[in-house]
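Student: Could we go through this one together? I'd like to start at the surface and then work inwards.
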Amino acid sequence: YVVLSMALTTAVVMPLKVLTAVHCPWSLKEFGGQETYTPLLSPRAETEKPGLCWPGGHASSGFSLLALFFFWRDRRPRTARIALAVALGLGAIFSLGRMAQGAHFLSHNIWTLLIDWMICVLCYRWILYRPAASRITRSQATMLTGDR
């Protein structure tokens, strides 16, 4: 589970960057660059060089550790909370570092967190999740009521 989740969270970044072609803040006219800003879901402005800034790759590396939270979630809740704090902390540090360089907006990193969270949740649901057994089985109910 952990290997699959971490691999998917980091592997999905580059295809999304190519697909969305979002420019980095440092490339935009508003911040000294030459490219025109366009919202995420809008058609891209004409350019010779498409952007590769959404979602955030560095942030995804940190947020990929969310897989550890889900891995420990049902077995060791305290360890899971520590893993969650580490994943969010490391993702935030990577995010802030790249934002300080002008590579990303805060929204890029929040989207990256949400994408990584969803991948980890879906992998958890597919691989690790086990529904709770019913509290009382039919044979136990028969024994309690005395019916045969």
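Tutor: Let us settle a term before the surface: a patch is made of residues with over 30% relative accessible area and no salt bridge, and nonpolar side chains are joined within 5 Å. Bear in mind throughout that this is a predicted model.

Student: Okay, so which residues make the nonpolar surface patch?
Tutor: Leu106, Ile110, Trp111 and Leu114 make the patch, and together they give a nonpolar surface of about 390 Å². Leu106 belongs to helix α6, which covers residues 106-128.

Student: And Leu106 itself, buried or exposed?
Tutor: Leu106 counts as exposed because its relative accessibility is 51%, and the cut-off for that word is over 50%.

Student: Let me step back a bit. How many helices and strands are there in the protein?
Tutor: The protein has 7 helices and 0 strands, so that, by the DSSP runs used here, the order from the N terminus reads α-α-α-α-α-α-α. Of its 148 residues, 33% count as buried.

Student: Switching to cysteines: which ones form a disulfide?
Tutor: Cys24 and Cys53 do, with their sulfur atoms 1.4 Å apart in the model, and the count for the structure comes to 1 disulfide.

Student: What does that pair tie together?
Tutor: Both Cys24 and Cys53 lie in the loop between α2 (13-20) and α3 (57-63), so the bond ties together parts that are 29 residues apart in sequence. Cys24 is buried, and Cys53 is buried as well.

Student: Why is Cys123 not bonded, then?
Tutor: The closest cysteine sulfur to that of Cys123 is in Cys120, and at 6.8 Å it is too far for a bond, because a disulfide needs the two sulfur atoms within 2.5 Å. Cys120, for its part, is in no disulfide.

Student: Are those two buried or exposed?
Tutor: Cys120 counts as buried, with a relative accessibility of 0%, and Cys123 is also buried, with a relative accessible area of 5%.

Student: Back to that loop between α2 and α3: what is the backbone doing at Pro55?
Tutor: Pro55 lies in that loop, and the peptide bond leading from Trp54 to Pro55 is cis, with omega near 0°. Ala21 has its place in the loop between α2 and α3 too, and although Ala21 is not a glycine, its phi is positive, at about 55°.

Student: Why mention those two?
Tutor: Most residues other than glycine have a negative phi, and most peptide bonds are trans. Ala21 is, in addition, buried, with a relative accessible area of 12%.

Student: New topic, empty space. How many cavities of 30 Å³ or more does a search of the whole structure find?
Tutor: The search finds 1 cavity of that size, and the volume of the largest cavity is about 40 Å³. Its lining is made by Val22, His23, Leu28, Thr36, Tyr37, Thr38 and Arg44.

Student: Last thing, charges. Which side chains meet in a salt bridge?
Tutor: The side chains of Arg73 and Asp74 do, at 2.9 Å from N to O, and a search of the whole structure finds 1 salt bridge. Asp74 is partly exposed, with a relative accessible area of 48%, while Arg73 counts as partly exposed at 37% relative accessibility.

Definitions and conventions
Residues numbered from 1 in each chain as written. Predicted model: local features only at pLDDT ≥ 70, side-chain atom pairs only at ≥ 80, totals over all residues. Heavy atoms only, no water. Patch = residues over 30% accessible without salt bridge, like charges linked within 9 Å, V, L, I, M, F, W, Y side chains within 5 Å. Areas by Shrake-Rupley, 256 points an atom, 1.4 Å probe, with all protein chains shown as cover. Salt bridge = Lys/Arg side-chain N within 4 Å of Asp/Glu carboxyl O. Helix = DSSP H or I, 4+ residues; strand = E, 2+ residues; numbered from the N terminus. Buried < 20%, exposed > 50% of the residue type's maximum accessible area, 1.4 Å probe, protein only. 1 Å grid on protein atoms, 1.4 Å probe; cavity = no way out; pocket = protein on both sides within 12 Å on 5 of 7 lines; lining within 4 Å. Points joined across faces, edges and corners; volume = space filled by probe spheres on them.
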